[in-house]
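Hi,

Here is the structure I promised to pass on. Have a look at it first, and then read on for what turned up.

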Amino acid sequence: MTDWILRGGDVIDGSGRPRWRADVAIAGDRIAAVGTLGRVAGAREVDVSGKIVAPGFIDVHTHDDRALFATPEMSAKASQGVTTVVTGNCGISLAPLLLDETPPPPLDLIGDSADYRYGRFAGYLDALDAAPPAVNAACLVGHSTLRVGAMSALDRPARDAELAQMGKRLQEALDAGAIGMSSGLAYAPAAGAPAAEIEALARLLQPVGALYTTHMRNEGAAVLDSLEESFAAGRAAGVPVVISHHKTIGRDNFGRTSETLPVIAAAIARQEVGLDAYPYIASSTVLSAAQAERALKVLVTWSKSAPEQAGRELSTIAADWGVSEREAVDRLQPAGGVYWTMDEADVQRVLRFEHTMIGSDGLPHDSHPHPRLWGAFPRVLGHYSRELGLFPLEEAVRRMTGLSAARFGLTGRGTLSPGAYADVTVFDPAAITDRATFEAPMTPAAGIEHVFVNGRPVWTGSKPTGERSGRALRRQQMQAEAR
Ligand code: ZN
Ligand code: CU
């Protein structure tokens, strides 16, 4: 029985093919029909003429592990048309880990010690089932999370017994439904991990068809070495690799995506490789002196010791306090920052690359977050596609739907066709635009009109509906549905 008919819109189906005029019928949690449809008794009609009807967007790079519980309406994402998030990126996942001391950075980006209370990944996924959010979640296991849970010191390679323990927890997570493992080799908790440690764990991913995503060891001078390390891990283990938030950082490396993208293209020709990016020239993570030194400008996003400084520039804070920036960084700890470290030409080159998926990398618990948290997807559609003409709207949508679902194995998502899950985003192609800025980062985008998740409306007319129809997407079920 048809529940909804979205009438008279232009369908962009996520494959990259040109839009066409069609009505879309939703029955239960599925797309029932796409075409010229008559009226159906009992079905609710929505006039979407002049609007684009697209598959719900997939945010392949998130840190929403705890946000799914803390803010179940998920407005930061639903307001952008996002219907599925991939959690656990950059080596940090909330599970499986029990903590009674302060989490080491960057684990503190997603929670305090009390939040790390899922000793088993199955428990985390069950908690999502019990308290579902408004969007779907496909979950990665963080390599740093595994390290913190198994190792007595983090500044060295894992010993055999520790590696065995990490492997056991990873296996439990995969058995529970995790879609893969992420690493954050640039960060202190994982920087001591040699390639062999990653390869040993990645080998567990291969038999179950899971994937490996990586925030590489280096995105600066040694970026090419890091790309090769990432590809080698994928080859050794026989698993797909996703290069997270691809960029080249620091003034000395401006322009170097013209070197990295051909290297990535060559890797794609011989093994399974993907990449994601966010559409901004500034990055964001925990506040560190090393990162601040190579940035052109730093904005403080949160600080436990000086919360009132969130939203201010590091140089201004240092001047106010009459100290060096390095000293200010120390006094603000623990803290987070936005770093201006990229060149606009690189950002555009990576976005234009045909294999690039869109991921926000938003940090949902920051008090003054990077605007990518609320703006990444509309910014690609509005600024980069419509205004700058980087690619047609159909191609922009493909990079946030069909391409992403295929890479991450999200069966029945990322496509708008009969039989697919009814994750649907309706937006105004003339009005879609990001409004979140570095000054006012939590401003919802304009132009997103209706968002359906599993056939239920979660966002309508610039506000959440209160529906929480998202699901924990378990790998095994998605694999079974693909057969
Ligand atoms: Zn990262
Ligand atoms: Cu990240």
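His245 is buried in this predicted model, its relative accessible area being just 2%. That matters for the reading of the metal site, since His245 is one of the zinc ligands: the zinc ion (ligand 1) is held by His245 through NE2, His215 through ND1 and Cys90 through SG, at 2.0 to 2.2 Å. Along the chain these donors are spaced C-x124-H-x29-H. His215 sits in strand E12 (residues 211-215), while His245 is in the loop between strand E13 (241-243) and helix H9 (257-270), so the two histidines tie together parts that are 30 residues apart in sequence. His215 counts as buried too, because its relative accessibility is 8% and the cut-off for buried is under 20%.

Now for the neighbour. The copper ion (ligand 2) is 3.1 Å from the zinc ion (ligand 1), and Cys90 coordinates both. Besides Cys90 (SG), the copper ion (ligand 2) has His61 (NE2), His63 (NE2) and Asp361 (OD) as donors, at 2.1 to 2.3 Å. In sequence the spacing of these residues reads H-x1-H-x26-C-x270-D.

What is the geometry of the copper ion (ligand 2) site? It comes out as irregular, with angles of 83 to 165 degrees among the 4 donor atoms. To count as tetrahedral, four donors would need all angles between 85 and 135 degrees, so this range rules that label out.

The copper donors also link distant parts of the chain: His61 is in the loop between strand E6 (57-59) and helix H1 (67-70), and Cys90 is in the loop between strand E7 (82-87) and strand E8 (97-98), 29 residues apart. Are these two buried or exposed? His61 is buried, at 0% relative accessibility, and Cys90 is buried as well, at 4%.

Away from the metals, there is the nonpolar interior to look at. The largest nonpolar core has 106 residues, and those touching the most other members are Phe57, Phe121, Tyr124, Leu205, Tyr212, Leu381 and Phe427. Helix H3 (residues 121-130) supplies the largest share of this core, 6 residues.

If you want one core residue to click on, try Phe427. Leaving aside residues up to four places away in sequence, Phe427 touches Phe57 and Leu381, along with Lys51, Ile52, Ala54, Leu393, Val397, Ile432, Gly447, Ile448 and Glu449.

Cheers

Definitions and conventions. Residues numbered from 1 in each chain as written. Chains lettered and ligands numbered in written order. Predicted model: local features only at pLDDT ≥ 70, side-chain atom pairs only at ≥ 80, totals over all residues. Heavy atoms only, no water. Donors = N, O, S within 2.8 Å, 3.2 Å for Na, K, Ca; no water. Helix = DSSP H or I, 4+ residues; strand = E, 2+ residues; numbered from the N terminus. Buried < 20%, exposed > 50% of the residue type's maximum accessible area, 1.4 Å probe, protein only. Tetrahedral: all angles 85-135°; square planar, octahedral: opposite > 155°, others 65-115°. Core = buried A, V, L, I, M, F, W, Y, C linked by side-chain atoms within 4.5 Å. Contact = heavy atoms within 4.5 Å.
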